[in-house]
Amino acid sequence: MRALLVVNPVATTTSARTRDVLTHALANDLELEVAVTECRGHARQLARQAVEQGSVEVVIALGGDGTVNEVVNGLLHHGPGPDRLPRLAVLPGGSTNVFARALGLPNDAVEATGALLDALHLRRDRTIGLGLAAGTPGTADAEVPRRWFTFCAGFGFDAGVVGLVEQQRESGKRSTHALYLRQALRQFVRDPRRTHGSITLERPGEEPVEHLVLSIVCNTAPWTYLGSRPVYAAPGASFDTALDVLALSRLSSAALTRYGTQLLRSTPERGPHGKHVSALHDVTHFTLHSQVPLPFQLDGDHLGLRSSVNFTGVRRALRVIV
């Protein structure tokens, strides 16, 4: 079987020696081409080329969620098509690896390589749905390129936290769960709209939901992990359905304590709940507008400020080896 291994050489939790071991293990069973990314966006370019050249049957992403997101966007550059596109495989190399773990893969790259080889031998895969974010016609963001996401998107407070974390990482800080928690507190202190939000959620044929502080869009559950602990923002989210949304209309000190505690105690059966919570399940199409530009993130990648984002849940978008 012909396969392309896309390697992020600066992935958080894999050393050069580990990457060499994984590459040799895969090359024993596959006709393997290895491509090492050189800059942001390179993984997307490599996956797109693989599709357009028809050169491989499997594209393997070795890296964190950002690398996986780039590979997915390269594979789907010309649109979804699980029956015509190469299959995707993931080897976790980041600090959290939400997508890989949500698929049920081991969080250790060596163990995941063994699981991947077993799955390839058994020809075991599944077709999953993905989320698609695009500019909203008639707005200042109308021409923003569309982008696929695998597990989550965020607009407002949580995206601001992601942006602060990226700033810290660019200054040399290591990505850790403690870093995320510190930046969440920092964002809470500095956010002037946390008690009266500017976001409106609109769905065709439904009343708009207004004055939201944050909107978390989930394509699967869990939403993230704190170490080994899964965190469920939208417990009903699934790769087999469209998108789920968790939105908060207030984030005072008391609300932060209440909903933060609920997130930490969340389970596959129950997520955050209360009078300031709006939760939607299996939504195919909706739009988030803001009166002022707000931070926006996809799969943990901060994409700057947006005033409007169009979301679509696309079922059966891609085949993934599991």
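Arg-2 is partly exposed in this predicted model, with a relative accessible area of 32%. The side chain of Arg-2 meets that of Glu-57 in a salt bridge, with an N to O distance of 3.6 Å. The pair links distant parts of the chain, 55 residues apart. Arg-2 belongs to strand 1 (residues 2-7), while Glu-57 sits in the loop between helix 2 (42-53) and strand 3 (58-63). Glu-57 has a relative accessibility of 35% and likewise counts as partly exposed, because the partly exposed class lies between the buried limit of 20% and the exposed limit of 50%.

In the whole structure, a search finds eight salt bridges. One of the salt bridges is formed by the side chains of Arg-87 and Asp-125, at 3.3 Å from N to O. This pair also links distant parts of the chain: Arg-87 is in strand 4 (residues 87-92) and Asp-125 is in strand 5 (residues 125-134), with the two positions 38 residues apart in sequence numbering. Arg-87 has a relative accessibility of 7%, so this residue counts as buried. Asp-125, at 26% relative accessibility, counts as partly exposed.

A further salt bridge joins the side chains of Asp-240 and Arg-126, with an N to O distance of 3.3 Å. Asp-240 lies in the loop between strand 12 (229-231) and strand 13 (243-248), and Arg-126 lies in strand 5, so the salt bridge ties together parts that are 114 residues apart in sequence. The relative accessible area of Asp-240 is 53%, which places this residue in the exposed class. Arg-126 is partly exposed, with a relative accessibility of 25%. Arg-40, Arg-147 and Asp-301 are joined into one network by salt bridges that share partners.

Charge also gathers on the surface. A patch of negative charge there is made up of Glu-202, Glu-206, Glu-207 and Glu-210. Within this patch, Glu-210 is located in strand 9 (residues 209-212). Glu-210 has a relative accessible area of 46% and is therefore partly exposed; this value meets the patch criterion, because patches are made of residues with over 30% relative accessible area and no salt bridge.

Strand 9 also contains His-211. The phi angle of His-211 is positive, at about 60 degrees, although this residue is not a glycine. His-211 is partly exposed, and its relative accessible area is 35%. Arg-316 is another residue other than glycine with a positive phi, in this case near 50 degrees. Arg-316 is part of strand 16 (residues 301-321). With a relative accessibility of 51%, Arg-316 counts as exposed, because the exposed class begins over 50%.

The backbone has a cis peptide bond from Ala-221 to Pro-222, with omega near 5 degrees. Pro-222 is placed in the loop between strand 10 (214-218) and strand 11 (224-226).

The loop between strand 1 and helix 1 (16-29) holds Ala-11, and Thr-14 has its place in the loop between strand 1 and helix 1 as well. Ala-11 is buried, with a relative accessibility of 9%. When residues up to four places away in sequence are not counted, Ala-11 touches Gly-63 and Gly-93. Ala-11 and Gly-63 are 52 residues apart in sequence, and their C-alpha atoms are 5.2 Å apart in space. Thr-14 is buried too, at 8% relative accessibility. The contacts of Thr-14, again leaving out residues up to four places away in sequence, are with Arg-19, Leu-62, Pro-92, Gly-93 and Ala-109. Gly-93 is thus touched by Ala-11 and by Thr-14.

Ile-199 is located in strand 8 (residues 199-202). The relative accessible area of Ile-199 is 0%, and the residue is buried. Ile-199 and Tyr-232 are 33 residues apart in sequence, and the distance between their C-alpha atoms is 22 Å.

Methods
Residues are numbered from 1 along each chain as its sequence is written. This is a predicted model: local features need pLDDT of at least 70, side-chain atom pairs count only at pLDDT 80 or more; totals for chains, interfaces and linings use all residues. Side-chain values use heavy atoms; hydrogens and water are left out. Patches are made of residues with over 30% relative accessible area and no salt bridge: like charges are joined within 9 Å, nonpolar side chains (Val, Leu, Ile, Met, Phe, Trp, Tyr) within 5 Å. Accessible areas come from the Shrake-Rupley method with a 1.4 Å probe; for residues, only the protein chains shown count as cover. A salt bridge is a side-chain nitrogen of Lys or Arg within 4 Å of a carboxyl oxygen of Asp or Glu. Lys and Arg count as positive and Asp and Glu as negative; His and the chain ends are not counted. The place of a charge is taken as NZ of Lys, CZ of Arg, CG of Asp or CD of Glu. Helices (H or I, at least four residues) and strands (E, at least two) are DSSP runs, numbered from the N terminus. Buried means under 20% relative accessible area, exposed over 50%, partly exposed in between (1.4 Å probe, protein chains only). Contact means heavy atoms within 4.5 Å.
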